[in-house]
Amino acid sequence: MRIALAVVAVIAAASAAAIWLFTAPRPLDPETARAVSTPGDAKAGRIVFFLAGCDSCHTSPGQDDPLRLGGGQELKTPFGSFYPPNISPDRADGIGAWSAADFAGALLAGVSPAGRHLYPAFPYPSYSRMSEKDVRDLWAFMQTTPPVAGRAPPDSLSFPFSIRRAVGFWKLLYFPERMPRLADPSGAEARGRYLVEGPGHCGECHTPRSFLGGPIAARALTGAPLPEGKGKSPDITAKGLADWSEDDVAYALSTGFTPTGDSLGGPMAAVVRNLAQVPKEDLAAIAHFLKTFKPDG
Amino acid sequence: MNRMGWGSTAFAAMAFAASVALAASGADAIKERRALMKENGEATKAVVGMLKGAPFDLAAVQKALKTYENAAAKMPGLFPADSEKGDTHALPAVWTDTADFDARFKKFGADSAAALTAITDDASFKANMPGVLKNCGGCHEKFRAKDN
């Protein structure tokens, strides 16, 4: 009897240790950390900033300047409310004291400089596909935005989502390693995929999720209920955009106007404001990729 | 039958009639505002075509701007409290932030009226129209959620 109890105890302790190990945050690999630590080009980074739409979630509420990145806008989800943090270069309240490797760790590995998991409400599963050059350039651009004092309120999540370590389980399911990166995202054909799946993070809203909040790959970009409750993001695959030309898609992305004369709204309105700031070739590349994209092959 | 009995029967009948009337007014308001927005969309389709490169057509532009003005004047009155639910894409913010909602339509109407005077040819069209159209996205961002 005593032996049986001891065996159970050992198994329980071993399982707990295994769970603890498997859910541990994995920092960014040293090679990538080194690669992103050389100086970037802030001018190119400005375009990455608007492609990635950092401002959509991180601007200070109650004002229109997309570069005041004080955070604190409530993001309602089925798991609770997130309050995206201050990512301005303020040293005390923002990310001014971070290194480029810290920044890349958050963006590409979903790990904070203190070595803790970040919640995937921050779309690092998409950003993880970003090239080292884009990360470097973006980091350089972030330094040019004004420092903003003040911190966002803490997230208000329901149990068990409030347990940060549980993000480790989520990562085991949906973010096992660094996402595969395209060897050369500069060719016109590959550029569209890179922008959609990487910095543009279109799938974060347009791909339906399982009850655990993981993307359902077989239905990628086919539209999904919006996290805030009412409304739905549309199907933006070749099937959903059957009545649109590539020019129609590119035009809608930068002006909001669809071929039927409607104006895109909801969270897409902010995306349109951002995409009005990027080169026409990038919009054309996104449009081309979406118009030819079929989730099942 | 005593007076109390008649009184309460009459009251119940009136309450029933009132609730029917309210239900009708909410549904009618939804129908009416959706028709106005559909007109706006059709007008915009032509205007956007011109911005994309179709030949400039002053009459069509003026018609569009008058359509916008008409809709902007009527829309704020078409969101009674009982029209939040039903066949509508309107978000609760319409009723919680009514001052902003109404102000946006006022600005949309004023911008349309100003553009109607300012636009005389293709160049003034290209210069003035985008400002008017900017109003669309701002309002759709905050007050509409489509389920397409």
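This is a dialogue between a colleague and a modeller about a predicted model of two chains, A and B.

Colleague: What kind of model is this, and which residues count for local features?

Modeller: The model is predicted; local features need pLDDT of at least 70 and side-chain atom pairs count only at pLDDT 80 or more, while totals for chains, interfaces and linings use all residues. Residues are numbered from 1 along each chain as its sequence is written, and chains are lettered from A and ligands numbered from 1 in the order in which they are written.

Colleague: What ipTM and pTM does the predictor give the complex?

Modeller: The ipTM is 0.87 and the pTM is 0.90. For chain B the average pLDDT, the predictor's confidence in each residue from 0 to 100, is 88, and 83% of the residues score at least 70.

Colleague: Which elements of chain B have the lowest and the highest mean pLDDT?

Modeller: Helix 1 (residues 3-51) of chain B has the lowest, at 75, and helix 4 (residues 98-118) of chain B the highest, at 98. Over residues 15-23 of chain B the pLDDT is below 50, and that stretch has two contacts in the model beyond near neighbours in sequence. Two residues are in contact if their C-beta atoms, placed from the backbone, lie within 7 Å.

Colleague: How many helices and strands does chain B have?

Modeller: Five helices and zero strands. Helices (H or I, at least four residues) and strands (E, at least two) are DSSP runs, numbered from the N terminus.

Colleague: Why is B:Trp95 called partly exposed?

Modeller: A residue is buried if 20 or more other C-beta atoms, placed from the backbone, lie within 10 Å of its own, exposed if 12 or fewer, and partly exposed in between. B:Trp95 has 15 within 10 Å, so this residue is partly exposed. B:Trp95 lies in helix 3 (residues 93-96) of chain B. Leaving aside neighbours within four places in sequence, B:Trp95 is in contact with B:Ala81 and B:Glu84.

Colleague: Why does A:His201 count as buried?

Modeller: A:His201 has 23 C-beta neighbours inside 10 Å, and the cut-off is 20 or more, so this residue is buried. A:His201 lies in the loop between helix 9 and helix 10 (203-206) of chain A. Phi of A:His201 is near 40 degrees, a positive value in a residue other than glycine.

Colleague: And what makes A:Leu221 buried?

Modeller: A:Leu221 has 28 other C-beta atoms within 10 Å, so the cut-off of 20 or more is met. A:Leu221 is in the loop between helix 10 and strand 4 (224-225) of chain A, with phi near 65 degrees, again a positive value in a residue other than glycine. Most residues other than glycine have a negative phi, and most peptide bonds are trans.

Colleague: Which residues does the cis peptide bond join?

Modeller: A:Phe159 and A:Pro160, with omega about 5 degrees. A:Pro160 lies in the loop between strand 3 and helix 8 (167-174) of chain A.

Colleague: Why is helix 7 of chain A described as largely enclosed?

Modeller: Eight of the 11 residues of helix 7 (residues 132-142) of chain A are buried, so the rest of the structure largely encloses this helix. Among the buried residues are A:Arg136, A:Trp139 and A:Phe141. Their cover includes helix 3 (42-52) and helix 5 (100-109) of chain A.

Colleague: What makes helix 9 of chain A roughly perpendicular to helix 13 of chain A?

Modeller: Helix 9 (residues 188-197) and helix 13 (residues 280-292) of chain A pack at an angle of about 85 degrees, with their axes 7 Å apart. Axes are lines fitted to C-alpha atoms, for helices over the stretch in contact, and angles run from 0 to 180 degrees between N-to-C directions. Angles under 35 degrees count as roughly parallel, over 145 as roughly antiparallel, 65 to 115 as roughly perpendicular and the rest as oblique. The angle of about 85 degrees falls in the 65 to 115 range, so the pair is roughly perpendicular.

Colleague: How do you know that strands 1 and 2 of chain A pair?

Modeller: Two strands pair if DSSP finds at least two bridges between them. Three bridges join strand 1 to strand 2 (residues 80-82) of chain A, so the two strands pair, and they run antiparallel. The open sheet has three strands in the order 1-2-3. Strand 1 (75-77) and strand 3 (156-157) of chain A each have a single partner strand, so both stand at the edges.
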